[in-house]
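Let's take a walk through this one, from the confidence values to a few residues worth a closer look. Keep the viewer open as you read.

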Amino acid sequence: MPQREEPFYNAYSYGDKLEPGQKMTLEHHISFNPYRADLSSLTEMTLGDLQVMREKSVAEERKIFSELQERAQLWEAQAAQTMVLEKAMEYVKTPEVKNSGNRWEDTEYGWRRISNRVYQMTYRIREDTAYDHKLKKQVPVAWYVSWSVEYNLPPRKDPYYSRPSPLAGQDNKRYGDKAAAERYVQGRIAAYAHLFQEISPPLPENHVHLFSVNGKLLPGYTVQPHQPTPQELLAFVEDGDTPPKKEAKTKKRNRDKER
């Protein structure tokens, strides 16, 4: 109940709100109602007596407030259980990414696409035309190639999530010859063909989070073996492992020339 009327005050609780597994808000305040209040018994008391009574009342308030804080800790523990259950449900409900099984397929607006559970590549050759007054019709004048290689990511529920940039690609590369445009596309396809040999190729170690939900890797994915960096390899080097420094050789004098 957001508002409650008592004999000499009004109580308000408009801020009370529970967001399961996330947030609890308790916000209460009261206001004095002079039209219903009767201070007669209190105004006959001395100021000192009133101050003593107020201090006792404040102490009781603090006691109740402390008890509420303790109860709030109980809510925190229970809300954490709700939260972790919701996170597990989000993981289980994440759908399998749609893919073409490493086969090229036609999509909308002239795009072609190949994909598996990790990568996807798309390209389009767009023909540009101009009106030829001699032939009295539109004729091709240029071909524009757009292509990209990117991760084929599972859908995200987070409204603030933004997809990473493509791994590679180019927009509207112009060619005056259609055959040259097609050769360029085939070259790009060949350059990235190794990504489309498996339905679920191993993930790069530094991008595992893209295929994880709430910190857990989605089922069916594997990770590439860790490749130690030079700094990591140096950590295993012990004293004496490094080759000794070569001493500079002294130049022998050619005594025959000196004589």
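What follows covers confidence, the sheet, the core, a helix and some individual residues.

## How far to trust it

This is a predicted model, so start with the confidence. Mean pLDDT for the protein comes out at 89, and 89% of its residues reach 70 or more. Among the elements, β7 has the highest mean pLDDT at 98, while helix α5 (residues 255-258) has the lowest at 44.

That weak spot shows up residue by residue too: over 255-259 pLDDT stays under 50, and the model has one contact beyond four places in sequence for this stretch.

## The open sheet

Five strands make up an open, antiparallel sheet, and its order is β6-β7-β8-β9-β10. At the edges sit β6 (105-106) and β10 (168-175), each of them pairing on one side only.

Zoom in on the β6 end. β6 runs antiparallel to β7 (residues 112-115), and two bridges join them. Here Asp106 stands opposite Arg112 of β7. The loop between these two strands holds Tyr109, which has a positive phi of about 60° without being a glycine. Is Tyr109 buried or exposed? Exposed, with a relative accessible area of 68%.

## The nonpolar core

Nonpolar side chains tend to be buried together in soluble globular proteins. In this model the largest nonpolar core counts 28 residues, and those with the most contacts inside it are Val118, Met121, Val145, Trp147, Tyr151, Phe211 and Tyr221. The elements giving two or more residues to this core are β8 (119-132), β9 (137-151), β10 and α3 (178-191).

Pick Met121 for a closer look. Leaving out residues up to four places away in sequence, Met121 touches a long list of partners, including Trp104, Arg112, Ile114, Trp147, Arg188, Ile189 and Phe196.

## A buried asparagine

Now go to the loop between β7 and β8, where Asn116 lies. Asn116 has 0% relative accessibility, so it counts as buried. What does its side chain reach? A polar atom of the Asn116 side chain lies 2.9 Å from the backbone nitrogen of Val118, and there is also a 2.9 Å approach between a polar atom of that side chain and the backbone oxygen of Leu195.

Beyond four places in sequence, Asn116 touches Asn99, Asn102, Asn152, Leu195, Phe196, Glu198, Ile199 and Pro201. Lys98 is 18 residues away along the chain, yet its C-alpha is separated from that of Asn116 by 7.9 Å.

## The helix α2

How many residues does α2 have? It runs over residues 47-93, which makes 47 residues, and spans 66 Å from first C-alpha to last, close to the 69 Å expected at 1.5 Å a residue.

The buried residues of α2 are Val58, Ala72, Ala79 and Tyr91. These buried residues pack against β4 (23-25), β11 and β12.

## Around β11

Strand β11 (residues 212-213) includes Ser212. Ser212 is buried, its relative accessible area being 9%. Its side chain reaches the backbone oxygen of Val208 at 2.9 Å, and beyond four places in sequence Ser212 touches Arg156, Leu217 and Leu218.

Just past it, Asn214 lies in the loop between β11 and β12 (216-217). Asn214 is another non-glycine with a positive phi, here about 55°. At 42% relative accessibility, Asn214 counts as partly exposed.

Note on methods. Residues are numbered from 1 along each chain as its sequence is written. This is a predicted model: local features need pLDDT of at least 70, side-chain atom pairs count only at pLDDT 80 or more; totals for chains, interfaces and linings use all residues. Side-chain values use heavy atoms; hydrogens and water are left out. Two strands pair if DSSP finds at least two bridges between them. Helices (H or I, at least four residues) and strands (E, at least two) are DSSP runs, numbered from the N terminus. Buried means under 20% relative accessible area, exposed over 50%, partly exposed in between (1.4 Å probe, protein chains only). A polar contact is a pair of N or O atoms within 3.5 Å; within protein, one must be able to donate a hydrogen and the other to accept it, and residues adjacent in sequence count only if both atoms are side-chain atoms. Contact means heavy atoms within 4.5 Å. The expected span of a helix is 1.5 Å times one less than its number of residues. pLDDT is the predictor's confidence in each residue, from 0 to 100. A nonpolar core is a set of buried Ala, Val, Leu, Ile, Met, Phe, Trp, Tyr and Cys residues joined through side-chain atoms within 4.5 Å.
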